[in-house]
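The exercises below are meant to be worked through with the sequence and the model open side by side. Try each task before reading its solution.

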Amino acid sequence: MAPTPPTVPVLLDLTIDNITPNTNRINAQCADPRLRYLMERLVTHLHDFARETRLSTDEWMAALNFLVACGQISSDVRHEFILLSDILGLSLLIDSINHPKPAASTEGSVLGPFHTHDAPPLPNGSRMSADPAGEPLLCVCTVRDTRGNPVAGATVDIWETDSSGHYDVQHADRGAPSERCVMVSDDRGRFWFRAIRPVSYPIPNDGPVGSLLERLGRHCWRPAHLHFMFAKEGWDRLVTALYMRGDPYETTDAVFGVKASLIVDLDRVDAATAKEYDAPELEGAWLLRHDFVLVSEEETAALRDRNAEEALAKLGLGKLRLVDHLPVPELD
């Protein structure tokens with residue numbers, strides 16, 4: 001075996017008190033400053049958690065087995081670790097840190113585990129649901145910037161459950177994608193489509209995350225909503241959702257996705273609207289109108305940096321600098 005380099009700490013006589021600095025010392029050999037910082041903070045917080053809670057061996061093994069179970073139940077269409085991140089509030093927290101929104105823009109929400117990359121591109125006015133049992137819904141939307149100018153050519157990924165509260169990928173006999181599509185905003189920033197009225201539904205609760213929710217005395221339900229994801233070069237990606245007002249789970253969403261600005265009211269399609277959107281058969285159906293407001297990448301980056309600097313100062317972490325908008329330790 002090669003001799004141990006002299007810069008590596010001698011890992012002998014480790015105790016409850018010195019295991020953390022010694023672990024961080026040996027990890028500090030990492031050449032990547034961001035990874036080195038991430039590992040230093042992860043080890044510090046994990047070790048402090050174990051010391052603070054006096055974590056037992058049985059509890060730690062239960063946690064490890066829980067993570068193994070999350071991996072075992074995951075598949076190409078079910079990501080149990082995303083569910084875990086969602087129910088811990090971590091998904092929303094990370095999105096809020098990385099995609100801060102000024103007051104005049106549309107707020108983000110959670111992506112969830114059921115977005116796919118096979119949604120069909122559809123022209124304006126198309127029907128994205130093949131569910132005959134769903135209540136018809138006409139969605140009429142615009143995409144604008146914070147000054148009210150239309151954003152043309154924005155790609156809009158849209159998805160929802162069927163009327164039974166299941167996404168298409170949850171059905172074993174799934175053929176073609178359904179209740180999902182990709183549209184592009186027109187030269188006036190508009191896009192419109194036919195869907196079905198969203199319904200409340202439970203997140204998958206037959207796995208380890210569902211068992212954890214039960215142990216915590218929490219329910220597994222999400223309020224009725226439609227998912228949207230916007231992308232265009234030069235604009236910060238927006239992952240969001242619109243939630244139907246009055247849903248029984250509006251204030252207790254299992255994955256913490258609801259924000260007051262994203263709660264919407266439904267109306268009814270009148271004769272003039274049905275004619276305008278060439279949908280006479282939808283007169284009397286549900287109508288959703290909404291204006292989405294995007295933020296430029298430049299504006300988001302500046303806001304993200306400003307928020308990071310303020311947060312680090314409050315935490316007393318002054319010996320850090322931002323590299324590609326991410327904090328790394330200052331070099332001595």
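Buried means under 20% relative accessible area, exposed means over 50%, and partly exposed lies in between, with a 1.4 Å probe and protein chains only as cover. This is a predicted model, in which local features need pLDDT of at least 70 and side-chain atom pairs count only at pLDDT 80 or more, while totals for chains, interfaces and linings use all residues. Residues are numbered from 1 along each chain as its sequence is written, and side-chain values use heavy atoms, with hydrogens and water left out.

**Exercise 1. Describe the overall make-up of the protein, from its secondary structure to its surface.**

Begin with the secondary structure, which comes to eight helices and 13 strands; helices (H or I, at least four residues) and strands (E, at least two) are DSSP runs, numbered from the N terminus. Next, take the extent: along the principal axes, the C-alpha atoms fill a box of roughly 80 × 45 × 40 Å. Of the 332 residues, 40% are buried. Finally, the protein exposes about 18,300 Å², of which carbon and sulfur atoms supply 56%; such areas come from the Shrake-Rupley method with a 1.4 Å probe, and for residues only the protein chains shown count as cover.

**Exercise 2. Characterise residues 32-105, then place methionine 39.**

The UniProt record, an unreviewed entry, places the feature "domain: Catechol dioxygenase N-terminal" at residues 32-105; its positions follow the numbering used here, feature names are shortened, and annotations may be inferred rather than shown by experiment. In the model this span is 74% helix and 0% strand, and its end C-alpha atoms lie 35 Å apart. Methionine 39 sits in helix α2 (residues 33-53) and is partly exposed, with a relative accessible area of 31%.

**Exercise 3. Which parts of the chain does the salt bridge between aspartate 206 and arginine 78 tie together?**

A salt bridge is a side-chain nitrogen of Lys or Arg within 4 Å of a carboxyl oxygen of Asp or Glu, and the structure holds twelve of them. In the bridge between aspartate 206 and arginine 78, the closest N and O atoms are 2.7 Å apart. Aspartate 206 lies in the loop between β5 (201-202) and α6 (208-215), and arginine 78 in the loop between α3 (57-73) and α4 (80-87), so the pair ties together parts that are 128 residues apart in sequence. As for burial, aspartate 206 counts as exposed because its relative accessibility is 60%, whereas arginine 78 is buried at 15%.

**Exercise 4. Locate the partners of the salt bridge between arginine 194 and glutamate 281, and state how accessible they are.**

The closest N and O atoms of arginine 194 and glutamate 281 are 2.2 Å apart. This pair links distant parts of the chain, with arginine 194 in strand β4 (residues 190-196) and glutamate 281 in the loop between α7 (271-276) and β11 (286-293), 87 residues apart. Arginine 194 counts as buried because its relative accessibility is 12%, while glutamate 281, at 48%, counts as partly exposed.

**Exercise 5. Is aspartate 95 buried or exposed, and which side chain of opposite charge is nearest?**

Aspartate 95 lies in helix α5 (residues 90-98). Aspartate 95 is buried yet has no salt bridge, and the nearest side chain of opposite charge, lysine 259, is 5.2 Å away; in this count Lys and Arg are positive and Asp and Glu negative, with His and the chain ends not counted. Leaving aside neighbours within four places in sequence, aspartate 95 is in contact (heavy atoms within 4.5 Å) with Gly108 and Ser109.
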